[in-house]
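Colleague: I would like a close look at one part of this model, namely the helix packing in the first chain, with enough of the surroundings to place it. Please take me through it step by step.

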Amino acid sequence: MDEVKDLTTKIVKNIEKVIIGKRRAVQLVVVGLICEGHVLIEDVPGVGKTMLARSLARSLNCSFSRIQCTPDMLPSDITGVDIYDQTSNEFKFMPGPILSQIVLADEINRATPKTQSALLEAMQERQVTIGGQTHLLPEPFMVLATQNPIEYEGTFPLPEAQLDRFFVKVSIGYPTTLEEMSVIENQQLVHPIESIEPVTSTDKILAVQRRIREVYIAEPVKKYIVEITQETRAAESVYLGASPRGSLALARASQAWAAMYGRDYVIPDDVKMLAEATLGHRVILSSSARLQEIRTGDLIRDILRDIPVPGGDFKGE
Amino acid sequence: MLAILMTYTLEKRFTLVILLGAGLTLIGLVNHEVRHKTWMTRGVKGTETIRERVYIAVFFFSVYIMSFAGLMPSIRINPIADRFERLVYGSEDAEGEEGPAGSIDVGGLNNELYAIDRVAGLPRQKLIGSGPELAKRVVMIVNYPTAAFVASELPNAARYWRSYTYDRYSGSGWQSSPTTEIRYQPGEEISSLNSDTVEVITQEFRLSNSVRGTTFSAGPPLTLDHEALVSWRTIPDGGSSGTSQPSGGGDIFAVAFDSIVYQVRSLVPTASDDQLRDSADPYPVWVAERYLQLPDSVPQRVRDLAQEVTSGQPTRYDQAKAIESFLRSYPYTLELPTPPQDRDVADYFLFDLQTGYCDYYATSMVVLARAVGLPARLVVGYVGGLYDPGNDYYLVSEADAHTWVEIYFSGYGWIPFEPTAARNLIDEQAQALPLPPELANLPRSEEAGIEEQFPYWQLVPALLLAVVLGWMIWNRMDLERMRRMDPANLALAIYQRLYRYGRWMDVGHRKSDTFFEFREKLLKALERYANTPRGARKLAGYQAEIALLTKFAVQANFSSRTLSSHLNKSLVQTWQNLRSRLRWVVWRSWLSTLVSWLLIWSKDRNRIQIIEDGAADG
């Protein structure tokens, strides 16, 4: 698993030249990448969501496109349209922004549900069908969608079923004082994104994506993962718990995390590390819990604190 | 099986220990065989490897139990209870004996044997200060080998076993005048037997260690079966046949030798009342000189009282009896305050207390008798005891300690009197008291000493040794077991122990903590101790050791690869090293907890003190 470790470390280091002090967020995005998943970045404007996506694309030497979602956007603005070409007398496919390898869908909750579902369908199927013609999306393919958690006016919150399609949810958060100072310093002359060089090729990414599936998950760890997911369904403050797709995502993400640290087996620490990112957005809190301002992150942390970890039947408190 | 072993090997402890070990080994092996058969029939696999381990465990366990049993002194609960009672109720050694003992020139070698006993102090804190358990303790066993019907045949005076007589009253206690020691061979006559008003009574004594060194006898001793040192206040002139030494024992202070089993023939007066009434000859010089003096501390009202009590009594004997019966009208009690230092004890008893115990009665009787011109002295010893008809002996306990009075009658010698109200008069025939059931059922000890000193000094190191030995054996077995483990299980077993140390060190880990999370907490806890130079030296390398153990525990649990058994040695070695470091930390943390508790406790106490002071001020 050392090649996975080397590659991911290189990518993370490269992105960190631009996104300063946010290793966890960067690592989670890389996890999404090598697990062939999509990432939902939920954060306030200006913390570097777009920069994160762009620097990832540049590091991987992939094509990149950006969709700025607005309420008047149509599905065809994403997928592309067939246009009648008068010279050749036939319809010609004009690919939309979705046909890039790394797609940034900015403020996805501003798009209408119709457009949202077109995007999410493309994400899930990894193909678009225009005028009876199916166009496969390029590989690797990854959507980074952002949404602003504080704005509700004129937004169309993503339905829960759609949220389930995102592999992980990442929030970046504000940098610390020192980090923010170095951000200013870094951008004084030229934006560091310009100096980012690709560190890998798409072939290598695809190889890594295959490789992490080989990471071993011991029975007790599998059980631990399932217990966590089941606990989200049983918890009192939850209206709807995580689906089996949640368990699957948690297991896969844990495999990726283990591989990123050069291990060929998953340990409970990996699971704990990724539970919030993979399950948090798959859980719907009950209205009373929401009124009490309980957040899904707190819920997952509580669950992790209560479930005994596999590893010897030790008798702790 | 143990019962049979006990029956046949009761005397030899060593054999018992060996047989115990063999028995335990046998039990362990047979048990395993039985279980093994069950496993065989049920088709349980992997039982062959267990056999070896079981054998080793059984062997070590048996050796441990054997050494423990061999090292432990046999314990009886009673002496421990006694010792405890004494601790709680005050020590026997804390007797407040008053009076200057240093003024007496004893001479000879054996004077330290009874140097303390020369002064019979008041009060007898020996009896008062100690609890009921002490009073019940048997101090001697007395039997009369020549008397056929002990209980009915003997005169009551034969049950007054004296140890010391005192002649000098100081106002606050009793002393003996200077004495001269003369050595007597076994069988040599100490007193003279020249009167027909004495009976020679043979007694056999078995003493407990608590009264060792003194000789007891009913009346003055005639002969002893051991070489003895007799302290004479007045040396008998011309040995045993001097005329100035009348019958009745002369002027012996005490007889000493260092044996706890002896036979004595002693002289018990048998003069009748009428004979004593006839005694009117002048007293010998040594009697008149010594036994009529009274200190200036005796106030006039005591002398007046003596005259009043004896007025109208025609003879010396009647006067003595009058004083005796007068004193017997005072009620008896053991619960008394210590008399004031500056008061005459007799005066204090006769006019203020008007109640007391034998020392007060006897002292007062001597003082009153001397005040009317009767030569009197104080006698200390034991009286009565419980007659055990089954063994034909008297069991004498500390509660039978007694003080009485002897008055000199010319021609008849020293005649005992009993002024203490709680006792029968000496000339009355005492009825044999039945034994209480708990004494009747006691095992009949044929040993010389009645009360063996319990070997506490043996118990403590033996226990310590047993604990240390057990601990060492356990450690060794534990490591040995670990070396034989499957490496995956070994890594986990080590972590189990690490968790235990974590609990002791209060690292505060939870069930939901992973190996790495626990490791972080443990490292953090250890860091505190590694900060000091001493801690850094003691703990050097703990991080690497914990890291290694954690790594293998994680691999063993979650990896698909199996660990190589070559790892065992290094894992056990690492654990051994780490364990010694952790032990140091655990001891240190417990110690500091103890210290902080003590600090808090003392602070609290101070605060309470301050609060109380404040309250008192308010």
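Modeller: Please keep in mind throughout that this is a predicted model. I will begin with the pair formed by helix 9 of chain A, which covers residues 219–234, and helix 11 of chain A, whose axes come within 11 Å and cross at roughly 30°. Since angles under 35 degrees count as roughly parallel, helix 9 of chain A and helix 11 of chain A are therefore described as roughly parallel to each other. As for the hand of this arrangement, helix 9 of chain A passes helix 11 of chain A in a right-handed crossing. On the side of helix 9 of chain A, the contact is made by Val221(A), Tyr224(A), Ile225(A), Ile228(A), Thr229(A) and Thr232(A), while helix 11 of chain A brings Pro268(A), Val271(A), Ala275(A) and Leu279(A). By class, the residues of this contact between helix 9 and helix 11 of chain A comprise eight nonpolar and two polar, with no charged residue.

Helix 11 of chain A also leads to the other chain. The contact between the chains takes 21 residues from chain A and 17 residues from chain B, and helix 11 (268–279) and helix 13 (296–306) of chain A each supply at least two residues of the side of chain A that touches chain B. That side of chain A has 13 nonpolar, three polar and five charged residues.

A second helix pair in chain A can be described in the same terms. Helix 1 of chain A, residues 2–16, and helix 2 of chain A, residues 23–34, pack at an angle of about 135°, and their axes lie 10 Å apart. That angle makes helix 1 of chain A oblique to helix 2 of chain A, and helix 1 of chain A passes helix 2 of chain A in a right-handed crossing. Here the contact is made by Thr8(A), Ile11(A), Val12(A), Ile15(A) and Glu16(A) of helix 1 of chain A, facing Arg23(A), Val26(A), Gln27(A), Val30(A) and Ile34(A) of helix 2 of chain A. The residues of the contact of helix 1 with helix 2 of chain A divide into six nonpolar, two polar and two charged.

Turning from helices to strands, chain A has an open sheet of five strands in the order 2-5-8-1-9, and the pairing is parallel. Strand 2 (64–68) and strand 9 (168–170) of chain A stand at the edges with a single partner strand each, so one side of each is left without a neighbour in the sheet. From one strand to the next, the twist in this sheet averages 20°. Within the sheet, strand 5 of chain A (residues 102–106) and strand 8 of chain A (residues 142–147) pair in the parallel sense over four bridges, and Ala105(A) stands opposite Ala145(A) in strand 8 of chain A.

For the partner chain, a shorter account may serve as background. Chain B has 20 helices and 16 strands, and of its 618 residues 34% count as buried. Three of its strands form an open sheet in the order 5-9-10, with antiparallel pairing. In that sheet, four bridges join strand 9 of chain B (residues 228–232) to strand 10 of chain B, and Trp232(B) stands opposite Ile252(B) in strand 10 of chain B.

Methods:
Residues numbered from 1 in each chain as written. Chains lettered and ligands numbered in written order. Predicted model: local features only at pLDDT ≥ 70, side-chain atom pairs only at ≥ 80, totals over all residues. Contact = placed C-beta atoms within 7 Å. Nonpolar A, V, L, I, M, F, W, Y, C, P; charged D, E, K, R; others polar. Buried ≥ 20, exposed ≤ 12 C-beta atoms within 10 Å, placed from the backbone. Pairing = 2+ DSSP bridges. Axes fitted to C-alpha atoms, helices over the stretch in contact; angles between N-to-C directions. Parallel < 35°, antiparallel > 145°, perpendicular 65-115°, else oblique. Left-handed = near helix turned anticlockwise from the far one by under 90°.
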